[in-house]
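Open the model in your viewer and keep the selection panel handy. We will go from stop to stop, selecting as we go.

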Amino acid sequence: MSENIETTDEACDSEGFPLTTAPQPDPAAAREEFLKIYPDKTRKKRAKQLLVNTDPAKPAEIGANSRTIPGIMTQRGCTYAGCRGVVIGPMHDVLHITHGPIGCSFYSWQTRRNLARPQPGQINYLQYSMTTDMMEEEVIFGGEKKLAAAIREAYRIFKPKAIAVYATCPVGLIGDDIHTVCRLAKEELGINVFGFSCEGYKGVSQSAGHHIANNGVFKHMVGLNDTPDEGEFRINVFGEYNIGGDAWEIDSLLKKCGIHVTATLSGDISYEQVTKCHTADLNVVQCHRSINYMAEMTETKYGIPWIKVNFIGASSSTKSLRKIARYFDSKKLTDRVEEVIAQELAALRPVQAEVKARCQGKTAALFVGGSRAHHYQDLFKDIGMTTVAAGYEFAHRDDYEGRQVLPSIKIDADSRNIEQLEVEADPRRFRARKTPEQDAALAAGGFTYRDYEGMVREMKKGALIIDDISHHELEKLIEIYQPDVIASGIKEKFIIEKMGIPCKQLHSYDYGGPYAAFTGAANFYKEIDRMVNTKVWKLVAPPWKSDPQIPARLVYQPKASRAEAEEATKTWKATKPIADEPNG
Ligand code: CFM
């Protein structure tokens, strides 16, 4: 049985990618064009992060997870964002307190759209944004007392089961000992209180925050409750954060198949569910980047194996369901999974066919986070669109090239900065989920564990792979490639749209979604159809198109001498402010 929803398609090239309607530029020449503006040192570094996919079967080494060069406009966020905002933030009945100035807390307050629908009797703190609101006085004299008071106050008002405290940049700089404050609060209040040293500067991006969060959740929450859920085929869905309700789609799909989700980490999850996730029998990993640490640690300590899945796109969801069924090796489950796949595809096919007729041959470029730039390519492929360029903001080499490169990744000072927990098998609770014979039988049937192959192998030959793309490169990409849609985030969105290309935000989904599973796929198809087939973007005329003076004033002069630069500033001051220009 085929895993693809379209098996034969004459509109595809020899690699199976949809043929593009418009002829595509030479990628090597485009790459040169992107790089040529940079000074030598910068160009050398960016060249390692900007590659042409010359041989998808043998991905070239990419300079991922390295520091962004100052002066380059990056898409990245900070370590605090990766810890508080991404991995732990969605836990809806853990009370999150940011120890820091007010802005860190404000900007991590619900901007990510990880939705929660607490069960009866559960509480949802996600609407709240709690902070110690550090001021000058605390930065000078220390903020530990204020933090202890904030924990007490929060406890008095809310009586939560658990409080998590997050350190921001100034906390690390002045050396507040949040862990001792948390330990004392835990003793005093009799609830679980723990801290995260996730200062924004701790790593090169939010990726460091994921690792810190995984460590903390593993140390302070996982394993506290040994009572397993009832239900057969118990799994955890790791690396799914319920953006726009995605986890709910995945949950209900799995439920239809008879698969029980003990915990989704951490989309719409309660404290209680996290504490018992070690009782499940399989971990399925959706976002490898943000949670591979947890998958590895729970396997070592408790014996739960993990597999990579992807519930984004119809073909990928189909493959993932079949893989889970193969693992459990139950005829009942396999039959049920096939029934569900057939039903879901029957409902989806008419939508897919209708949209595909209008989108076939169009192109997309994706620059998002550490997993979606890969996963969403399948959704575009479902509707006949090809990804001509893609990159992650902060992923590591394994997310591009596959986990087989892990042993060859050099640990630099920035990575060494993040604690690597020493984990051992739990003498009492480690339980191998399969016998060696069962594992051998699975392997003989082609089943693989811990099997993330990375993004590059699944991309078209000649596609551009761009890590931590800069605004300059993005603008050049638009000029040269003119993709029909770009999927990225809010920081790029309006630049892209001003250049006449629709932008689909893949972080918060622009208030759309869900896009996961078959039901979500239908939403995505329709959304992309609407975006790439509207004429509105082509009708947008930026002012510089009708006023030739504007580009002359704004153009960047990299080789200008000091005197020339000063002269240019005078001219700038002498001209009228842009706001007064007639709007072309
Ligand atoms: Fe994983 Fe995510 Fe992503 Fe991510 Fe993120 Fe996100 Fe993302 Mo924004 S955990 S790596 S740190 S799939 S918030 S839900 S969309 S950058 S691609």
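Select helix 5 (136-141) and helix 7 (169-174): each gives at least two residues to a nonpolar patch. Helices here are DSSP runs of H or I with at least four residues, strands are E runs of at least two, and both are numbered from the N terminus. This is a predicted model, where local features need pLDDT of at least 70, side-chain atom pairs count only at pLDDT 80 or more, and totals for chains, interfaces and linings use all residues. Residues are numbered from 1 along each chain as its sequence is written, and side-chain values use heavy atoms, leaving out hydrogens and water.

Now colour V139, I140, F141, L173, I174 and Y201, which form the patch of about 640 Å² on the surface. Helix 5 brings the largest share, 3 residues. Patch members have over 30% relative accessible area and no salt bridge (a side-chain nitrogen of Lys or Arg within 4 Å of a carboxyl oxygen of Asp or Glu); nonpolar side chains (Val, Leu, Ile, Met, Phe, Trp, Tyr) are joined within 5 Å, like charges within 9 Å. Areas come from the Shrake-Rupley method with a 1.4 Å probe, and for residues only the protein chains shown count as cover.

Zoom in on Y201, in the loop between strand 5 (192-196) and helix 9 (207-220).

Next, select W537 in helix 22 (residues 536-539). Beyond its neighbours within four places in sequence, W537 is in contact (heavy atoms within 4.5 Å) with E497, G500, I501, P502 and M531. Add M499: its C-alpha is 8.2 Å from that of W537, although 38 residues separate the two in sequence.
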